[in-house]
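Reader: I should like to examine this model through a short series of questions. Please show the sequence and the structure before we begin.

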Amino acid sequence: MLPLVFAVAAATACERGGARPATSAPFEDSPPAGPVSPPLRAEGPEVLPPAGGVGKVAQIDTAQARRRLIADSANYLVGSSRIAGRTTRDRISHVAAIRRGLDHPGWPVRGPEPLPGSILPTRRIVAFYGNPLSNRMGILGQIPPAQMLARLDQVVAEWNQADPRTPALPALHLIAVVAQDRPGRDGLYRFRMDSSLIRRVYRWAQERRAVLFLDIQAGRSTIQQELPRLLPWLAGPDVHLGIDPEFYMHYTRAGRAPGTRIGTLAAADVNYVIDELARLVTQNQLPPKVLVIHRFTQDMLTEARSIRLDPRVQVVINMDGWGPPWVKFDTYAKCQVAEPVQFTGFKLFFHNDTKQSDPLLTPGELMTLRPRPVYIQYQ
C-alpha cells in the first residue's frame, strides 16, 4: 500500500495569499475591562435596532446604539464562557469573532427551508475524524475502536449538556480518498480506501446510531473522478460527504504534490457535488445529505458566493485549522463568518490545538460564536 500523507498545514488567520503561522507572542493575561450587558436574544443582527432613522442625528444615534449592543453582547458571551488558561489575546479574538457574526447582514443565511428528515439545524453533528490505517490522521485511528467509540459517547454527552436544545448526533468522518506525496501507478497522488475498510467503519457508526461521512482528498484526481465511486455508499440514508480542498491540486496548484502547498477548490466543483447528491436524494427518496467542505484560508474555496443551495443538500463550511484559540477564532471570523454559505462547522485537534499548553476549546466557548457551528469535528 502506498504511504499515507498526513495533513500538515497549521491553522491560519484566513488571509489571501497563504498561511499566517501562530508565531506572535500572546498579550499579558488580564480580564477584559468595562461592564457588560445581558446577551441578545437571538444569533443574528435581526435582533438589533435597524440602521437608519428620521434625520441624520437619529441615524448616527441608532448606529452607535447598534454597535454598543453588539460589543456588550459579545463581551458578555465571552465572559460567561471563560475558562482558565485563556490569554487576553484569545479573549480579544473571541469577542471580535462574535461581533463580526452578530453584525454580518448575511447571517442567518436566507436559504431553502429544511426538508423533512434534515439533520441541520435542529441537531448538531459531533464527529470523530481520521482513518483506521493511520494513528497520525486523527482520533479514528489513534486508539482501539472500543475506546474511540466510548470517547465519542463522552464528547457527545458534553455537547448535549452544553446545548440540550440542539441534540448532538454522533458521527464518524472517514478519509475515504487519502492524498499522497507520491504519484502512485496512475499518477494521481491519492489512495482510495477499499469497500472492506469503509464497511468496517460504517459498522462502528451503526453501533452508536451515528452517521458516517466519507471524505475526499483528491490530490491530482478530481471530484468528478472520485465522487461516482462513493455514490453507492452515499445512497444510504445515514452516509454523508466531506471534501477537503487542502489536497485538491488543480487551478493555481496544478502540477504540485499534495502537502507542498494548500490546495484550492472552486464553487463550480462544489455545485457539481451538490447536483449529484441532490439527484441521489431524489432517486432514492432519501433524507437530505450533509456536505462538509473544509476551509482555513480564503483560497481554499474560491467564489463561495456562487455556491447554489439546494434543499436536498445541507452545506457546511468547516473551520479546519489548528493552533491556539486566538488563531482559530480569527480564522472562523475570516473564513466562515465573513463569507456566508449556509451552515458553519468548527474543527478541534486533540493534540495540535494543545501544543502550546492551551486547553482545548470547550462546547461552552464554541456555543458563544455567531453563527453557532452546527458541525463539530475532532481530530
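Author: The answers below concern a predicted model and take up a strand, a loop and a cavity in turn.

Reader: How many of the seven residues of strand S1 are buried?

Author: Strand S1 covers residues 124-130. Arg-124, Val-126, Phe-128 and Gly-130 point one way, Ile-125, Ala-127 and Tyr-129 point the other way, and all are buried. The strand is therefore largely enclosed by the rest of the structure, and the number of its buried residues is seven of seven.

Reader: Which residue in S2 is the bridge partner of Arg-124?

Author: S1 pairs with strand S2 (residues 168-179) in the parallel sense, over seven bridges. Within this pairing, the S2 partner of Arg-124 is Ala-168.

Reader: Which residue in S11 stands opposite Val-126?

Author: Strand S11 comprises residues 375-378 and runs parallel to S1, to which four bridges join it. Opposite Val-126, the residue in S11 is Ile-376.

Reader: Is Gly-219 buried or exposed?

Author: Gly-219 is placed in the loop between strand S4 (211-216) and helix H6 (223-234). Leaving aside residues up to four places away in sequence, it touches Leu-188, Tyr-189, Phe-247, Tyr-248, Met-249, His-250 and Pro-258. Because buried means under 20% relative accessible area and the relative accessibility of Gly-219 is 0%, this residue counts as buried.

Reader: How far apart in space are Gly-219 and Gln-180, C-alpha to C-alpha?

Author: In sequence, Gly-219 and Gln-180 are 39 residues apart. In space, their C-alpha to C-alpha distance is 7.0 Å.

Reader: Which backbone nitrogen does the side chain of Thr-222 reach?

Author: Thr-222 lies in the loop between S4 and H6, and at 17% relative accessibility it counts as buried. Not counting residues up to four places away in sequence, Thr-222 touches Tyr-248 and His-250. At 3.0 Å, its side chain reaches the backbone nitrogen of Gln-225.

Reader: Which helix gives the largest share of the lining of the second largest cavity?

Author: The whole structure holds four cavities of 30 Å³ or more, and the second largest has about 50 Å³ of space. Its lining includes Asp-90, Arg-91 and His-94. The largest share, three residues, comes from residues 88-103, helix H2.

Reader: How many residues of that lining are charged?

Author: Among the lining residues are Arg-82, Arg-86 and Glu-365, together with Val-78 and Phe-329. The lining divides into two nonpolar residues and two polar ones, while the number of charged residues is five.

Definitions and conventions. Residues numbered from 1 in each chain as written. Predicted model: local features only at pLDDT ≥ 70, side-chain atom pairs only at ≥ 80, totals over all residues. Heavy atoms only, no water. 1 Å grid on protein atoms, 1.4 Å probe; cavity = no way out; pocket = protein on both sides within 12 Å on 5 of 7 lines; lining within 4 Å. Points joined across faces, edges and corners; volume = space filled by probe spheres on them. Helix = DSSP H or I, 4+ residues; strand = E, 2+ residues; numbered from the N terminus. Nonpolar A, V, L, I, M, F, W, Y, C, P; charged D, E, K, R; others polar. Buried < 20%, exposed > 50% of the residue type's maximum accessible area, 1.4 Å probe, protein only. Contact = heavy atoms within 4.5 Å. Polar contact = N/O pair within 3.5 Å; in protein donor to acceptor, adjacent residues only side chain to side chain. Pairing = 2+ DSSP bridges.
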